[in-house]
Amino acid sequence: MRVIAWLVEGTWPACVDAVRAHAPDSAEVVLLHVSGPDVPGVAHGAFAGLLGRGHPERDPGVRLEELGDSSAAELLAAAAERLGRSCVREERAGRVERAVVAAAERADLLVLARDGDRSRLGPHSLGPAGRFVVDHAPCPVLLVWPEPAPGLATIPPPPPHHP
């Protein structure tokens, strides 16, 4: 069995804890972090457009990529330590939601945390990336709350009946 835990800053402990609770000891566990191209890409573009292309050593996008790589490595190390068992650490880059779905191609289970409005129950507790992954995952998905789930009273009332 291959279990992938998609780790995102701020919610990753819940995913690791879910793997500890639900994945058999014999499972291959992959801790996955995906870095989006947004921030370094914007910096590269701003540098090229505003400051010219003559001094690539001054491109701030390169430094932002380095910082992102370092942050991802630290997150994966902390997650591996929390997991407390053998695992594979995988870092991918690109469109986050598509990279996660691609990584899950050979998985038997994908674990992810809600990434939207977590103050109430309902579909808005999934953000765009989480919704895409849940809708397109090629394997079963375990969706976890990063903190205790809101109470049932937070479910919106049903729409009015139309005759």
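This briefing covers the fold, one helix pair and four single residues.

The model is predicted. The protein holds 5 helices and 5 strands. Along the sequence they run β-α-β-α-α-β-α-β-α-β. Helices α4 and α5 pack against each other, with axes that come within 9 Å.

**Overall fold**

- The protein has 163 residues, and 36% of them count as buried.
- About 9,500 Å² of the protein is exposed. Carbon and sulfur atoms supply 57% of that area.
- Take the contacts between residues at least 6 apart in sequence: 76% of them join residues at least 24 apart.
- The sequence pattern starts with β and ends with β. Between α and α, one step has no strand: the pattern reads β-α-α-β there.

**Helix pair α4 and α5**

- Helix α4 spans residues 96-103, and helix α5 spans residues 128-136.
- Their axes cross at roughly 30°. Angles under 35 degrees count as roughly parallel, so α4 and α5 are roughly parallel to each other.
- The crossing of the two helices, α4 and α5, is right-handed.
- On the α4 side, the contact is made by E97, R98, V100 and V101. On the α5 side, A129, F132, V133 and H136 make it.
- By class, this contact of α4 with α5 has 5 nonpolar residues, 1 polar residue and 2 charged residues.

**Burial of α4**

- The buried residues in α4 are E97, A99, V100, V101 and A103.
- E97, V100 and V101 are buried and also take part in the contact with α5.
- Helix α5 is among the elements that cover the buried residues of α4.
- Strands contribute to this cover too, including β1 (2-6), β2 (28-35), β3 (88-93) and β4 (109-113).

**Two alanines in α3**

- Helix α3 covers residues 60-83 and contains A72. A80 lies in α3 as well.
- A72 has a relative accessible area of 1%. The cut-off for buried is under 20%, so A72 is buried.
- Leaving out residues up to four places away in sequence, A72 touches H33, S35 and E91.
- A72 and E9 are 63 residues apart along the chain, yet their C-alpha atoms are separated by 8.8 Å.
- A80 is buried, with a relative accessible area of 10%.
- With residues up to four places away in sequence again left out, A80 touches L31, R85, C87 and R89.
- A80 and V30 sit 50 residues apart in sequence. In space, C-alpha to C-alpha, they are 9.6 Å apart.

**P140, before β5**

- P140 belongs to the loop between α5 and β5 (141-144).
- Not counting residues up to four places away in sequence, P140 touches D108, L109 and L110.
- The C-alpha atoms of P140 and V3 are 10.0 Å apart. Along the chain, P140 and V3 are separated by 137 residues.

**A153, after β5**

- A153 is in the segment after β5.
- The relative accessible area of A153 is 79%. Exposed means over 50%, so A153 is exposed.
- A153 and L121 are 32 residues apart along the chain, with C-alpha atoms separated by 8.6 Å.

**Recap**

- A72 is buried, as is A80, whereas A153 is exposed.
- α4 and α5 are roughly parallel, with a right-handed crossing.

Technical notes:
Residues numbered from 1 in each chain as written. Predicted model: local features only at pLDDT ≥ 70, side-chain atom pairs only at ≥ 80, totals over all residues. Heavy atoms only, no water. Axes fitted to C-alpha atoms, helices over the stretch in contact; angles between N-to-C directions. Helix = DSSP H or I, 4+ residues; strand = E, 2+ residues; numbered from the N terminus. Parallel < 35°, antiparallel > 145°, perpendicular 65-115°, else oblique. Left-handed = near helix turned anticlockwise from the far one by under 90°. Contact = heavy atoms within 4.5 Å. Nonpolar A, V, L, I, M, F, W, Y, C, P; charged D, E, K, R; others polar. Buried < 20%, exposed > 50% of the residue type's maximum accessible area, 1.4 Å probe, protein only. Areas by Shrake-Rupley, 256 points an atom, 1.4 Å probe, with all protein chains shown as cover.
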